[in-house]
Amino acid sequence: MENFKKYIIEDLSPEPLFIVDISWNHEGLKVTLESESGLDKIGILFYETVYLYQDTAESYKPRWRIDPSDEYYPFYYSKNSEMIDKLKEDVDYVRDDEIIHFVIIGLDDVIDVLTIEMPKVFKL
């Protein structure tokens, strides 16, 4: 993942995570994740402007490819990505905006979020 940096979250479960819910409410875009064992739940809230998000089903990839002992980490971000460039090319009024491309890598999904602020993260 060229140009992407890890978004470090303290006390993050070493287990791979499932994305169990994506929803909009009065607070913003909320993504709920759960550890494979079901013991840990995390909420991620994008409370500022969200230009777009995309949920890509990755259920075809073998689960054995994500192993806690490997370098699996679920949260990355970049201020320079092809998705940001494409949005700025397609939408005139965001050309000068600073946009963050946030990526959440779950066991069965990958979520891309284009936003202006880093999200709030909390345990559920």
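This report describes the fold, sheets, helix and cores of a predicted model.

## Overall fold

The chain has one helix and nine strands. Along the sequence they follow the pattern β-β-β-β-β-β-α-β-β-β. Of its 124 residues, 43% count as buried.

Contacts often span long stretches of sequence. Among those between residues at least 6 apart, 64% join residues at least 24 apart. The chain exposes about 7,400 Å². Carbon and sulfur atoms supply 46% of that area.

## The four-stranded sheet

One open sheet has four strands in the order E2-E3-E4-E9. The pairing is antiparallel. Strand E2 (17-25) and strand E9 (120-123) stand at the edges. Each has a single partner strand, so one side of each is left without a neighbour in the sheet. From one strand to the next, the twist averages 20 degrees.

Inside this sheet, strand E3 (residues 28-35) runs antiparallel to strand E4 (residues 41-46). Six bridges join the two. Leu-29 stands opposite Phe-46 in E4.

## The five-stranded sheet

A sheet of five strands is also open, with the order E1-E6-E7-E8-E5. Its pairing is antiparallel. Strand E1 (5-6) and E5 are the edge strands, and each pairs on one side only.

E5 meets E8 over seven bridges, in the antiparallel sense. Here Leu-52 stands opposite Leu-114 in E8.

## The helix and its two sides

Helix H1 covers residues 82-90. Met-83, Ile-84 and Leu-87 are its buried residues. Seen down the axis of H1, the buried residues fall within an arc of 100 degrees, so they line one face of the helix. The spacing has a general basis: an α-helix has 3.6 residues a turn, so residues three or four places apart point the same way.

Glu-82 and Glu-89 are exposed on the other side of H1. The buried residues of H1 pack against four strands: E5 (50-57), E6 (75-78), E7 (100-105) and E8 (109-115). These strands belong to the five-stranded sheet, whose order is E1-E6-E7-E8-E5.

## Val-94 in the loop after H1

Val-94 lies in the loop between H1 and E7. Is Val-94 buried or exposed? Its relative accessible area is 1%; the limit for buried is under 20%, so Val-94 is buried.

Beyond its neighbours within four places in sequence, Val-94 is in contact with Tyr-51, Leu-87, Lys-88 and Ile-99. Tyr-51 is 43 residues away along the chain. The C-alpha atoms of Val-94 and Tyr-51 are separated by 9.0 Å.

## The nonpolar cores

In soluble globular proteins, nonpolar side chains tend to be buried together. The largest nonpolar core in this model has 26 residues. Those with the most contacts inside it are Val-31, Leu-33, Ile-44, Phe-46, Phe-75, Phe-102 and Ile-104. E2, E3, E4, E6, E7 and E8 each supply at least two residues of this core. E7 gives the largest share, five residues.

Ile-44 shows how this core is connected. Leaving aside neighbours within four places in sequence, Ile-44 is in contact with residues including Leu-29, Val-31, Leu-33, Phe-75, Ile-104, Pro-119, Val-121 and Phe-122. A second, separate core has six residues, among them Met-83, Leu-87, Ile-99 and Leu-114. Two of these, Met-83 and Leu-87, are buried residues of H1. Leu-87 and Ile-99 are also contacts of Val-94. Leu-114 is the residue in E8 that stands opposite Leu-52.

Key:
Residues numbered from 1 in each chain as written. Predicted model: local features only at pLDDT ≥ 70, side-chain atom pairs only at ≥ 80, totals over all residues. Heavy atoms only, no water. Pairing = 2+ DSSP bridges. Axes fitted to C-alpha atoms, helices over the stretch in contact; angles between N-to-C directions. Buried < 20%, exposed > 50% of the residue type's maximum accessible area, 1.4 Å probe, protein only. Contact = heavy atoms within 4.5 Å. Areas by Shrake-Rupley, 256 points an atom, 1.4 Å probe, with all protein chains shown as cover. Arc of directions from axis to C-beta. Core = buried A, V, L, I, M, F, W, Y, C linked by side-chain atoms within 4.5 Å.
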